[in-house]
Structures are given as C-alpha cells and as structure tokens.
Amino acid sequence: MTFLDTNLLSLLMIIPMIGAVFIWMVKSGETMNGNIRIIALIATLVTFLLSLILWAGFDNSSADFQFVERVTWFGDSITYTVGVDGISLLFVILTTFLMPLVIVSTFEVVDKRLKEFMIAFLVLEALMIGVFAALDIFLFYVFFEGGLIPMFLIIGVWGGANRIYASYKFFLYTLLGSVFMLIAILWMVSQAGTTSIPALMNYHFDASAQNWLWFAFFASFAVKMPMWPVHTWLPDAHVQAPTSGSMILAGVLLKMGGYGFLRFSLPMFPEATVYFADFVMILSIIAIVYTSLVALVQEDMKKLIAYSSVAHMGFVTIGIFVLNQQGIEGAIFQMLSHGVVSAALFYSVGVVYDRLHTREISRYGGLSTNMKRFAIFFMIFTMASVGLPATSGFVGEVLVLFGAYEYSSWVAFGASTGVVLGATYMLVLVRGLIFGELTKEDVKAMPDINKREFAIYAPMVAVVFWMGVYPNSFLDPLHASVENLINQHDAAVSSMHQETVE
Amino acid sequence: MSAELPILAPAMPELFMAIGAMVLLMVGVFHKKDSYAVTTRLAMILMIVVGFVLVTQSSGGRELTFGNMFVSDGFAVFTKVLVLIASVASLFMAGQYLKDQKIERFEYPILIVTATLGMMLMISANNLLSLYMGIELQSLSLYVLAAFDRDRVKSTEAGLKYFVLGALSSGMLLYGISLIYGFSGTTDFDMLALHIEALDGMNMGLVVGMVFLMSGLAFKISAVPFHMWAPDVYEGAPTPVTAFFAAAPKIAAIALFTRVLATAFPDMVHEWQQVIIFMSLGSMLVGAFFALVQTNIKRLMAFSSIGHVGYALIGIAAGTQAGIEGLLVYLAIYLTMTLGTFAVILTMRRGAESVEDISDLSGLSETNLPMAIALSIFMFSLAGIPSLAGFFGKWFIFKAAVEADLLALAVIGVVTSVVAAYYYLRVVKIMFFDEPVEAFDKQKSKGLSLVIGLSALINSPVSYFIMIAPLVVLASWASKSLIF
C-alpha cells in the first residue's frame with residue numbers, strides 16, 4: 001500500500017498515458033476498433049478505481065496537502081510536485097469518474113480515426129488530473145495550457161460542420177487569456193524566488209502589485225470558466241464538439257477556472273480579491289441573468305445547455321467571491337454537481353442526435369411517449385440543473401445563496417433570479433423535447449435508450465441523488481481546506497489593514 | 001612585436017576545420033565518381049571530430065589567443081556546439097533533395113564546412129576585425145549556397161538578393177567599425193570596454209558607430225528592420241540550404257551580437273538596450289502578422305524565424321546574465337524545432353518536383369500519420385504551447401525580461417505569440433482537419449527520417465523529463481562565462 005500512497009497521483013496520470021501508448025501500438029484500421037475501445041475503457045476504469053483509493057485515504061480533518069510527491073526538476077526551484085487538498089481532491093475524482101463514461105459514450109458512435117480519438121482523450125485525462133494535482137506553478141501552467149492541444153484536435157477533427165472556426169476560437173481565446181497569466185506567474189516567481197504553490201500562497205505580495213497580478217490571472221480563469229463577457233467561445237465550442245468532447249469540456253475543463261480562482265486568486269492575492277469582489281459579483285449576476293435569457297430563446301438544444309453552463313458558472317463565481325465558508329463550499333459543490341449534470345445533459349443531447357441527427361428542439365416533441373426511460377433520465381438531470389431539492393444542484397445553489405446573503409442581500413437577490421430563469425429555460429427545453437404531442441413520424445420511430453446508454457446514465461443518476469440526499473460525503477473533505485483558506489485570507493486582509501492604520 | 005607563434009590550443013578546432021576544408025576540396029576534385037557522397041561523409045566526420053576536440057580540450061575558462069583577437073570561453077563552446085549540430089544535421093538532410101534536383105555536387109558540403117568555419121570564427125571573435133573576417137567568410141559561403149541550384153531562376157535570384165543586400169550590410173558594418181576605431185583608437189573588445197568606462201560622458205561618435213555595427217549585424221540575423229531579404233532568400237534557396245540558413249547562421253550571429261554588446265559595450269547598456277528593444281518588438285510583430293497571409297511554407301518559416309529572433313533578442317535586451325541564459329536555452333530549442341520542420345518540408349515531394357505550398361499538406365494525418373504528428377509537434381513547439389519544448393525557451397526568455405523590468409516587452413511578446421499561434425495552428429488544422437490531397441512520394445532517405453524522429457522526440461514532452469535540466473545547467477555555465 002505504501003507504494004500507492006506515495007505515488008498515487010502520478011499513477012493516476014501515468015495510467016491514461018500508458019493506455020494511450022498501448023493504443024498507439026495497435027494497428028490502424030476499422031477491425032481493431034474494438035480493441036482500442038477496450039484498452040481505453042480499461043485505462044480509464046483503472047484510473048477511476050485508483051482515485052477511489054485516493055478518496056478513501058484522504059484525511060478529512062487536515063487542511064494540508066496530502067499524497068504529496070516532490071522531485072527536483074530543473075532551474076533554481078522548479079520541481080515536479082503534486083498533491084491534493086480538500087479542494088482539489090474532488091475535482092480529481094470528478095475527472096476520473098467522468099472519463100470512463102465519456103469513453104463508453106463513444107462506442108458505436110465514433111468509428112472514424114478511433115485510434116487518434118482515444119489517444120487524445122487519454123492524454124487529456126492525464127493533463128486534467130495534472131492541473132488539479134500540481135503544486136508547482138510551472139507544472140500547473142504546463143498542464144493547464146497543454147490541455148488545449150487535445151481539445152483543439154477533438155473539436156476540429158470529430159466535430160460538427162463549423163468545427164474549424166470553433167476549435168480556433170476555443171484555442172486562441174483561451175491561449176490569449178492564459179499568456180497574461182504567464183507574465184504574472186513569471187513576475188511572482190522572480191519576486192518570491194520559488195515556484196512552489198504552497199510557498200507562494202504564504203508569500204505576501206505588495207498590495208498594488210496584487211491588483212494587476214489578480215487581473216492577469218482573472219484574464220485566464222474568466223475565459224476558462226467562462227465568465228461574461230468572455231464566454232462567447234463556449235457556445236460555439238460546445239455546439240461543434242462531438243458529444244464526448246462536450247461532456248468533458250463542460251464536465252471538467254470549465255472547472256479549471258473555478259479551481260484556479262480558489263487555488264491562486266484567493267490565497268495569493270487576498271487584498272486584490274477583496275478589491276475586485278464587487279466587480280466579480282456584478283459580472284456574475286449579469287452572466288446569470290443575461291445568459292439565462294439568451295438560453296431561453298435558443299433553438300439549438302446544445303447551445304441552450306451551453307448558455308446554461310455559463311449561468312451556472314456565474315453562480316460559482318458568486319460563491320467563491322463572497323469569501324465565506326458556505327459560499328465557497330457551495331461553489332465547489334456546485335462545480336462538482338454541474339460537472340456531472342451537464343455531462344449528463346450533453347450526453348442526452350447526444351442520445352437524441354444519434355437517432356435523428358438534428359439538434360433543433362422544434363424537430364422533436366412527445367418523446368415521453370415512445371422514449372420513456374430517456375424521458376425520465378432527462379427530467380432528472382434537467383431538474384438537477386434547475387436545483388430541485390434532493391438533487392445535487394439544490395445543495396450547491398442553496399449554500400451559495402446563503403453565503404451570498406451574508407455578503408449582500410442584493411447579490412443574493414440577483415443570484416436567485418438565476419434560479420427562476422434557470423427553471424424557465426429548462427422547462428421550455430423539456431416541454432419542447434419530451435412533452436407535447438408525438439406527431440412527427442421520424443420522432444415516433446426513435447428507439448428508447450439501450451443497455452449501453454443506460455449504463456452511462458445510471459452512475460450519473462446515482463451520484464446526483466447521492467450528492468443531493470447525503471451531501472456530507474462530498475462536503476466533509478472540503479471543510480478543513482476551505483476553513484483554512486478563509487482564515488488565511490482574513491488574516492492577510494486584516495494584517496494589511498493593520499499596516500495601513502499604523 | 002616579436003615573431004612568436006600564437007598559442008594555437010584554443011583555436012585548435014578552427015584550425016582543424018580550415019585544414020579539413022582544404023583537404024575536402026582536394027578530395028572532391030580528385031575523387032571522380034561519387035564525389036558528393038564521399039565528401040559529405042568526410043565533412044560530417046570532420047565536424048563531429050571538431051566538435052569533440054572543441055568540447056574536450058576547452059578548459060571552460062576564458063582563453064585568448066592570436067593577439068587577443070580570438071577568445072574561447074564557455075559561451076563560445078556552447079554556441080559552437082549548437083552550430084556544429086546544425087551543420088551536421090543539414091548535411092544529413094540534404095542528400096536526397098540534392099540528388100532529386102540534380103545538383104548533387106561536392107562543393108555543397110565544402111561550402112557548408114567553410115560557412116561553419118566562418119561561424120565558429122564569428123563566435124570566437126574578440127576583435128572587430130576578426131568579427132568582420134568571420135562574418136565575411138560565413139556570408140560568402142552562404143551567398144554561393146543560396147544560388148546553388150544554379151539552373152533555377154528562383155535560386156539564383158535568392159543568391160543575388162542575398163549577396164547584394166549582404167554586401168550592403170557588410171558595408172554598414174565596416175563603416176560602424178571604422179567609426180568605433182576612429183573614436184576610440186582600438187578594435188579590441190576588452191580594450192573598447194576599458195576605453196568606454198574611462199570616458200566621462202557619452203561619445204556620440206561611438207554611439208553612431210555602434211548603431212551602424214548593430215545594423216549590420218541585425219541584417220545577418222534577419223531582425224527588423226533589416227529582415228526583408230529573409231522571405232525571398234528562404235523561399236528561393238534550395239530547401240536544405242534554407243534549413244541551414246534558419247538554424248546555424250542565426251545562432252552564430254546572435255551569439256556574436258551578444259558577445260559584442262556584452263564584452264565591448266557593457267557600459268553603454270542604455271544606448272543599445274533601446275535599439276535591441278526596438279528590433280525585438282519589430283521582429284516579433286512582423287514575424288507574427290506578416291506570416292498570417294503566407295501560402296508557401298518556406299516563406300512562412302522565414303517569417304517564423306524572424307519572430308523567433310525577436311524573442312531571442314528579448315534575452316539580450318534584458319541585459320542580465322539570466323537573459324543570456326534564457327537566450328542560450330531558447331537557441332538550443334529553436335535549433336531542434338527548425339531542423340525538424342525543415343526536415344519534414346524536405347519530404348514534401350510529388351513526382352519530380354518538390355512542393356512548397358502549405359495546402360499541399362492537406363490531410364497529411366490520413367496519408368502519413370507519423371509525419372503529421374511530427375510536424376504538429378514542431379508547430380506547437382514553435383508556437384510555444386506548453387507540454388512541448390518551445391515553451392521552455394519562452395519561459396526563460398520572458399522570465400529574464402520580467403526580472404529586468406521589461407514588462408511591456410514581455411506582454412507584447414506573449415500577445416504576438418498568440419497571434420503567431422494562429423498560423424502554426426493553421427498548419428496543424430490543414431493536416432488534420434482538411435480532406436487529403438494526393439500523397440507525397442514515399443520518403444526514402446534514412447538521414448531525413450533520423451533527423452525528423454530525433455527532433456520530434458526532443459521537442460515532445462519526453463524532453464521535459466530528460467533533457468531540460470542538463471540543458472539549463474549548461475546554459476547557465478555558458479552564460480556565466482561571458483563577462484558582464
């Protein structure tokens with residue numbers, strides 16, 4: 001067990017890569033597709049099971065980084081250091097949980113160039129785990145940016161009709177935000193003399209410097225999340241990406257923005273966070289209201305869900321920047337919930353798209369008659385997205401609202417409009433797709449979900465209800481780390497006030 | 001002065017090279033059959049042996065000889081090794097192309113050897129006169145190489161353009177040298193530094209001379225505003241020659257540039273820093289924006305190399321030892337990226353002709369996946385996307401810039417690299433997203449495959465775990481040896 005203890009995180013990253021290498025060695029050609037799928041599935045399942053060991057072995061009472069591995073690398077201080085704390089643990093689990101589902105979702109759907117497809121996904125999984133586990137800021141940046149390459153290829157090769165535009169937009173938009181972050185990182189590293197994230201979290205940067213550093217990081221994370229007004233890449237990317245690409249994009253890649261705020265902006269730039277908090281609140285509320293209204297008028301169901309993602313991320317940023325325990329825990333919970341729920345929603349879109357090859361809502365209607373099981377699943381996930389109690393969405397939203405109310409009742413009011421608007425467009429979607437008269441012939445002919453699709457839905461439903469009914473399993477690891485984050489933040493801010501008073 | 005023989009030991013590699021070049025000339029002339037193959041093989045062996053001698057006999061300290069005109073220090077060893085690697089690789093890659101274009105003549109490896117010799121002299125120059133001598137030896141060889149495919153108009157045009165513009169820039173260089181000599185009384189770098197230190201205020205004559213000198217050198221590295229020869233010459237010259245151009249002379253000239261500024265003009269930092277910043281900004285912007293509309297892949301690479309020179313100049317502009325270290329890491333990685341890319345370009349043949357349009361790469365991922373992946377690695381590396389080696393170079397360069405307070409330069413640098421990422425991505429997009437066109441001829445040259453494979457390996461994330469640490473250590477050692 002000790003080998004696992006000391007190297008678990010690296011193993012989690014290496015196993016997908018080993019899977020990719022195996023797939024690389026498989027002979028090209030349609031006949032080998034079955035083998036490729038099996039290898040990919042085994043790799044991701046093994047990774048998931050190992051990550052459960054990570055969860056089981058995690059000490060909920062400690063706010064320190066656990067499962068830390070450190071190897072000196074090069075330069076003055078750059079090391080390969082990985083570790084998880086309460087905040088990053090669940091993101092790693094989210095990643096490893098979604099990947100097998102994503103892989104299975106591609107069976108029978110993707111045949112063209114399957115080898116490269118699976119390799120891209122496995123490499124992406126390794127990089128995503130690396131983002132959440134990295135404890136060296138150089139390493140973090142490498143993983144953060146490195147994930148752009150496989151995603152670019154996934155959207156561009158296996159995507160929809162306008163995929164090239166979408167993949168360019170995704171890549172260049174995200175890259176532009178991130179290079180500003182690079183400059184900020186370089187400045188921080190030269191100032192603090194270290195690239196270690198824990199050390200940087202304890203280093204006190206000049207208040208004026210903090211402002212522009214915070215903003216540079218914000219440029220990157222706001223695009224990633226995405227926040228209004230830099231969210232415009234997301235609808236295009238989602239609509240053009242293949243179903244599996246959308247699932248992983250919405251499920252995990254978007255969470256990196258929120259994770260970035262929690263890992264970098266809050267602990268490393270405490271004064272600037274307070275300074276910009278109102279700014280973020282305004283942007284978030286605009287995001288929630290505006291994108292919800294835009295979602296309401298969408299005809300393409302994938303675009304509708306994409307805009308709803310932006311709205312949900314608005315909730316998350318509110319939760320993060322209210323800077324209290326409920327808000328931050330709610331934000332993290334919301335991110336986890338959204339990860340599963342939106343992956344499921346995009347998967348549902350994929351299910352009907354595979355049958356009818358259109359994403360126009362008006363082409364459907366009455367699926368509750370001939371696709372009963374699908375209708376049930378779809379309802380569950382849309383209601384989870386809305387935040388119905390007993391589903392995961394409720395817990396996250398309610399915690400964020402409690403936290404927001406402590407910050408300012410206006411913000412809480414603005415955020416709750418998001419809940420209502422969310423219900424509106426989701427019900428419009430549900431009515432358009434599921435309810436109503438079953439008149440169209442081709443819709444009548446659509447078969448209900450088969451065993452494979454059921455196997456993908458089942459774990460996600462289970463998790464959604466688990467998170468909704470017994471959220472403590474997911475909240476417990478968070479408590480210590482979030483409390484530590486807030487205490488450190490408060491201490492830093494109050495000491496700044498001390499200095500200015502004296 | 002008494003007629004003593006100067007200490008030959010530090011210059012042993014160059015002497016070897018010079019004698020070797022002359023021997024090769026004889027071999028080429030007298031070996032009637034197969035003269036190209038024999039000469040090339042011998043030339044590669046010569047350069048490898050010279051490299052060996054260079055690395056083993058250098059003490060790492062600063063050694064002067066030939067009346068202080070020739071210096072050998074860690075910096076010189078590092079950059080000379082890079083140049084030698086570039087030259088050997090160019091020779092490796094050239095065979096098949098030259099045979100197909102029917103220009104397989106033994107003068108080719110000899111010219112490469114003499115050009116390399118010139119570059120080594122440039123890097124080791126400690127006096128304005130030996131600087132000029134090295135530059136001219138290198139340039140004359142390169143002019144002829146550019147026009148090597150003498151039956152094709154494009155090649156002779158390229159050679160002529162290069163020659164005329166190069167001669168003009170050499171003239172500017174000499175003018176600058178003469179001004180510097182006139183106003184300081186010496187051409188030796190160390191003496192110049194002492195002279196300038198002893199000066200009370202700023203000597204306008206020296207500044208003007210320095211600017212002329214820098215202009216002449218800027219031409220050699222194709223930095224803005226003296227970059228305009230590069231796209232035409234790169235496009236017209238035979239592709240292996242272009243590969244050589246993009247790699248070796250750039251490294252040598254940048255190393256020379258660094259040494260001149262660091263050793264001879266350290267006290268005039270404020271004057272030359274501004275000039276370098278201007279050149280760097282211009283190069284990055286030109287390299288990013290002008291490449292967006294290119295359709296010929298060799299021209300694209302020309303602009304790409306202009307952009308990369310801009311980034312390298314940031315390292316010099318920083319004016320610190322960290323800047324030089326960043327520069328050296330950047331150059332080493334740039335070398336591998338460029339050689340790899342040109343090696344892939346060399347495989348682009350269809351029928352009897354070599355094709356150079358970017359659109360000819362359409363769908364390469366379906367006709368030849370390993371090649372497409374290799375080229376993608378190079379493209380992403382050139383763009384500086386993390387997880388590939390090119391990012392490392394950028395990290396060190398920008399770190400040095402930020403530490404030297406050149407924040408605006410760093411910000412413009414990163415923004416231009418995003419712009420440049422567009423056309424690098426476009427190549428990847430064409431290979432992976434577009435419908436395949438007629439496939440290229442099957443590539444037979446083993447040397448080419450070796451270069452492509454090796455470069456791809458070095459640029460891939462594998463390089464992270466193995467190569468970057470020793471490279472950084474070496475660069476650090478080399479940069480420390482340069483007096484600042």
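A polar contact is a pair of N or O atoms within 3.5 Å; within protein, one of the two must be able to donate a hydrogen and the other to accept it. With that in hand, the interface of chain B and chain A can be explored in this predicted model. By this rule, four residue pairs are in polar contact across the interface, both residues of each pair being at pLDDT 80 or more. Several helices of chain B take part in the meeting with chain A: α14 (364-367), α15 (369-383), α16 (389-403), α17 (407-433), α19 (461-466) and α20 (468-480) each supply at least two residues of the side that touches chain A. Among these helices, α17(B) gives the largest share of that side, with 14 residues. Sorted by class, the side of chain B that touches chain A holds 29 nonpolar residues, two polar residues and six charged residues.

Charge also enters the picture. One salt bridge is counted between chain B and chain A. In a salt bridge, the side chain of Glu366(B) meets that of Arg113(A), with an N to O distance of 3.5 Å.

How much area do chain B and chain A bury between them? The value is about 3400 Å², and 86% of it lies on carbon and sulfur atoms. Three residues, Trp395(B), Val418(B) and Phe433(B), supply 22% of the area that chain B buries against chain A, more than any other three residues. In terms of residues, 37 from chain B and 36 from chain A make up the contact.

Attention now turns to chain A as a whole. Chain A contains 22 helices and two strands. The C-alpha trace of chain A spans about 80 × 55 × 40 Å along its principal axes. For 502 residues, a compact globule would have a radius of gyration near 23 Å, and the 22 Å of chain A agrees with this. Of these 502 residues, 66% count as buried. Among contacts in chain A with a separation of 6 or more, 81% join residues that are 24 or more positions apart.

A closer look at one residue of chain B rounds off the tour. Ser169(B) sits in helix α6 of chain B, which covers residues 153-184. Is Ser169(B) buried or exposed? Ser169(B) counts as buried because its relative accessibility is 2%, and the cut-off for buried is under 20%. The side chain of Ser169(B) reaches the backbone oxygen of Gly166(B) at 2.9 Å. Leaving aside residues up to four places away in sequence, Ser169(B) touches Gly216(B), Phe219(B) and Lys220(B).

Terms used
Residues are numbered from 1 along each chain as its sequence is written. Chains are lettered from A and ligands numbered from 1 in the order in which they are written. This is a predicted model: local features need pLDDT of at least 70, side-chain atom pairs count only at pLDDT 80 or more; totals for chains, interfaces and linings use all residues. Side-chain values use heavy atoms; hydrogens and water are left out. Contact means heavy atoms within 4.5 Å. Buried area is the accessible area (1.4 Å probe) that two parts lose on being put together, summed over both. A salt bridge is a side-chain nitrogen of Lys or Arg within 4 Å of a carboxyl oxygen of Asp or Glu. Helices (H or I, at least four residues) and strands (E, at least two) are DSSP runs, numbered from the N terminus. Ala, Val, Leu, Ile, Met, Phe, Trp, Tyr, Cys and Pro count as nonpolar, Asp, Glu, Lys and Arg as charged, and the others, Gly among them, as polar. The radius of gyration is taken over C-alpha atoms; the globule rule is 2.2 Å times the number of residues to the power 0.38. Buried means under 20% relative accessible area, exposed over 50%, partly exposed in between (1.4 Å probe, protein chains only).
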